[in-house]
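Please open the model in your viewer and keep the sequence panel beside it. The stops below each name a selection and then describe what is found there.

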Amino acid sequence: MKLLKIIQILLLSGSVWVLLANNVKSQDIQKPVESTQINSQTTAEIIEITGVKLTETDKGIELILETTAAKKLQILNRSTDKIFITEIPNAQLKLSEENVFKKEKPIAGISEIIVTNKDNNTIQIKVIGESNLPKVELFDSNQALIFSLSPVTTTVQKPTSKPAPTQES
């Protein structure tokens, strides 16, 4: 009889341990976040553009974005038919007046230049050509990011006249 009670107690206690072990495994155990993980999850620094200027050159015009961290800016370019679009993530316009720069017809061949805050951490630049996509070159310095813009003109060639075919008799 004692043996039977001992077996029942062992089976019962074994069953309890199995149930407890499965319950612990099924729960999500949260580990504390280590300080090295916190440091690796920092957000990107927002770079301020404090001025926008246009300067005429012998080839076209320069769009100058004034900042103290020009070399840190990342540029993403794309273009459509006659519009050159640049987006600069992790940057914001912080101009003295409005946070929009817009210039219509700055030079012949370019109909408009627009610099705006696309969202809370991206600047968008649009350069719209009058008839074609403008040529764009990028330069940077310690104090500015410089876009050299020049219009692209197409030349239409006059068709050359062919001599009239002669008929042989």
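Is Glu87 buried or exposed? Bear in mind from the outset that the model is a predicted one, and then select Glu87, whose place is in strand β5, residues 83-89. With a relative accessible area of 12%, Glu87 is buried, because that value falls under the 20% cut-off.

**Around Glu87**

Keep Glu87 selected and display its surroundings: leaving aside neighbours within four places in sequence, Glu87 is in contact with Gln74, Ile75, Leu76, Arg78, Lys118, Thr122, Ile123 and Gln124. One of these, Ile123, is 36 residues from Glu87 in sequence, while the C-alpha atoms of the two are 5.6 Å apart in space.

Add Arg78 as sticks, and look at where its side chain meets that of Glu87 in a salt bridge, with N and O 3.2 Å apart. The side chains of Glu87 and Arg78 are also joined by a polar contact of 3.2 Å. Arg78 counts as partly exposed, at 44% relative accessibility, whereas Glu87, at 12%, counts as buried. Now add Lys118 to the selection, since salt bridges with shared partners join Arg78, Glu87 and Lys118 into one network.

**The hairpins of β7, β8 and β9**

Select strand β7 (residues 100-107) together with strand β8 (residues 110-119), which run antiparallel and are joined by six bridges. To find the register, pick Phe101, whose bridge partner in β8 is Val115. Then move to the turn of this hairpin, which has two residues between its strands, and pick Gly109, which takes a positive phi near 100 degrees.

Extend the selection to strand β9 (residues 122-129), which runs antiparallel to β8 and is joined to it by eight bridges. Here the residue to pick is Thr116, whose bridge partner in β9 is Gln124. The hairpin formed by β8 and β9 has two residues between the strands.

**The open sheet**

Which strands form an open sheet with the order β2-β3-β11-β10, and what is the sense of their pairing? Select β2, β3, β11 and β10: these four strands form that sheet, and the pairing is antiparallel. The edges are β2 (51-56) and β10, each of which pairs on one side only. From one strand to the next, the twist averages 20 degrees.

Narrow the view to β10 and β11, which pair in the antiparallel sense over six bridges, and pick Val136, which stands opposite Leu149 in β11. Then select Ser150, which lies in strand β11, residues 144-150. Ser150 has a relative accessible area of 14% and is buried; beyond its neighbours within four places in sequence, it is in contact with Lys59, Gly60, Pro134 and Lys135.

**Further salt bridges**

A search of the whole structure finds six salt bridges, and two further pairs deserve a stop. Select Asp140 and Lys71, which form a salt bridge with the closest N and O atoms 4.0 Å apart. Asp140 lies in strand β10 (residues 135-140) and Lys71 in the loop between β3 and β4, so the pair ties together parts that are 69 residues apart in sequence. Asp140 counts as partly exposed at 39% relative accessibility, while Lys71 is exposed, with a relative accessible area of 54%.

Next, select Glu45 and Lys72, which form a salt bridge whose closest N and O atoms are 3.6 Å apart. This pair links distant parts of the chain, 27 residues apart, with Glu45 in the loop between α2 (35-40) and β1 (47-49) and Lys72 in the loop between β3 (61-66) and β4 (76-80). Glu45 is exposed, as is Lys72.

**Where to read with caution**

Finally, colour the chain by pLDDT: the mean is 79, and 66% of the residues reach 70 or more. Select residues 16-20, over which the pLDDT is below 50 and which have zero contacts in the model beyond near neighbours in sequence. Select residues 24-42 as well, where pLDDT stays under 50 and the model has two contacts beyond four places in sequence. Where pLDDT is low, predicted coordinates should not be read in detail.

Notes
Residues are numbered from 1 along each chain as its sequence is written. This is a predicted model: local features need pLDDT of at least 70, side-chain atom pairs count only at pLDDT 80 or more; totals for chains, interfaces and linings use all residues. Side-chain values use heavy atoms; hydrogens and water are left out. Buried means under 20% relative accessible area, exposed over 50%, partly exposed in between (1.4 Å probe, protein chains only). Contact means heavy atoms within 4.5 Å. A polar contact is a pair of N or O atoms within 3.5 Å; within protein, one must be able to donate a hydrogen and the other to accept it, and residues adjacent in sequence count only if both atoms are side-chain atoms. Two strands pair if DSSP finds at least two bridges between them. Axes are lines fitted to C-alpha atoms, for helices over the stretch in contact, and angles run from 0 to 180 degrees between N-to-C directions. pLDDT is the predictor's confidence in each residue, from 0 to 100.
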